[in-house]
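The exercises below are meant to be worked through with the sequence and the model open side by side. Each task is followed by a solution that proceeds step by step.

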Amino acid sequence: MKFPGALSLIALALHGAAASAAGPEVRSGAYVVHYAALVSTRFTAEIARQYGITRQANHGVLIINVQRDGSAPGKSEPVAATATGSATSLMGDRQNLQLHSAPQSGTQDLLAGFEMINSEYLRFDVDVIPQGSSTPIHV
């Protein structure tokens with residue numbers, strides 16, 4: 001089953017949340033970076049398989065999507081991007097994130113898996129570079 005639209009995975013992951021359907025965002029110039037970090041068990045087995053996500057209680061997924069403001073107000077378009085970053089626990093344990101395009105998703109989403117212990121708090125430091133730009137956007 002395919003889910004069209006650039007924010008499909010993020011919207012699906014945050015379905016029912018009180019916040020906006022796209023989740024948190026960072027704006028920089030004409031770009032908007034949407035992001036979400038979730039425990040991988042929130043995804044159905046079918047969605048996890050489609051996006052190459054490992055479903056385990058100690059495994060999370062960081063999802064990043066970049067949009068560029070469109071020609072009309074309220075209109076935006078997905079933009080390919082690259083990103084590098086890390087996740088750090090409150091104890092200082094750091095994991096480098098391997099951000100990659102979502103396989104066969106039909107979107108511009110970037111995904112990274114990470115490990116966690118007992119739903120620990122993690123701080124994510126990520127720099128996103130939209131295609132056509134040389135300036136990183138810090139998330």
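**Exercise 1. Describe the turn between strand 1 and strand 2, and then follow the pairing onward to strand 3.**

Solution. Begin at the hairpin of this predicted model, where two residues lie between strand 1 and strand 2 and where Gly-29 takes a positive phi near 60 degrees. Next, look at the strands on either side of that turn: strand 1 covers residues 25–28 and strand 2 covers residues 31–39, and the two run antiparallel, joined by four bridges. One position to locate here is Val-26, whose bridge partner in strand 2 is Val-33. Then move on to strand 3, residues 59–69, which runs antiparallel to strand 2 and is joined to it by nine bridges. Within this second pairing, Ala-37 stands opposite Leu-62 of strand 3.

**Exercise 2. Find the aromatic pair, classify its geometry, and state which elements it connects.**

Solution. A search of the whole structure finds one aromatic pair. The ring centres of Phe-114 and Phe-124 are 5.1 Å apart and the ring planes stand at 70 degrees, so the pair is classed as edge-to-face, given that planes over 60 degrees apart fall into that class. As for the elements, Phe-114 belongs to strand 8 (residues 110–115) and Phe-124 to strand 9 (residues 122–130), so the pair ties together parts that are 10 residues apart in sequence. Finally, consider the surroundings of Phe-114: its relative accessibility is 4%, and it therefore counts as buried, the cut-off being under 20%.

**Exercise 3. Decide whether Asp-109 is buried or exposed, and identify a polar partner of its side chain.**

Solution. First place the residue: Asp-109 sits in the loop between strand 7 (100–101) and strand 8. Its relative accessible area is 0%, so Asp-109 is buried. The side chain of Asp-109 nevertheless has a polar partner, since a polar contact of 2.8 Å links this side chain to that of Asn-65.

**Exercise 4. Summarise the chain as a whole.**

Solution. Start with the inventory, which comprises two helices and 10 strands, arranged from the N terminus as α-β-β-α-β-β-β-β-β-β-β-β. Then turn to burial, where 39% of the 139 residues count as buried, and to the accessible surface, which comes to about 7800 Å², with 53% of it belonging to carbon and sulfur atoms. Last, take the contacts with a separation of 6 or more, of which 60% are between residues 24 or more positions apart.

Note on methods: Residues numbered from 1 in each chain as written. Predicted model: local features only at pLDDT ≥ 70, side-chain atom pairs only at ≥ 80, totals over all residues. Heavy atoms only, no water. Pairing = 2+ DSSP bridges. Phe/Tyr/Trp six-rings, centres within 6.5 Å; stacked < 30°, edge-to-face > 60°. Buried < 20%, exposed > 50% of the residue type's maximum accessible area, 1.4 Å probe, protein only. Polar contact = N/O pair within 3.5 Å; in protein donor to acceptor, adjacent residues only side chain to side chain. Contact = heavy atoms within 4.5 Å. Areas by Shrake-Rupley, 256 points an atom, 1.4 Å probe, with all protein chains shown as cover.
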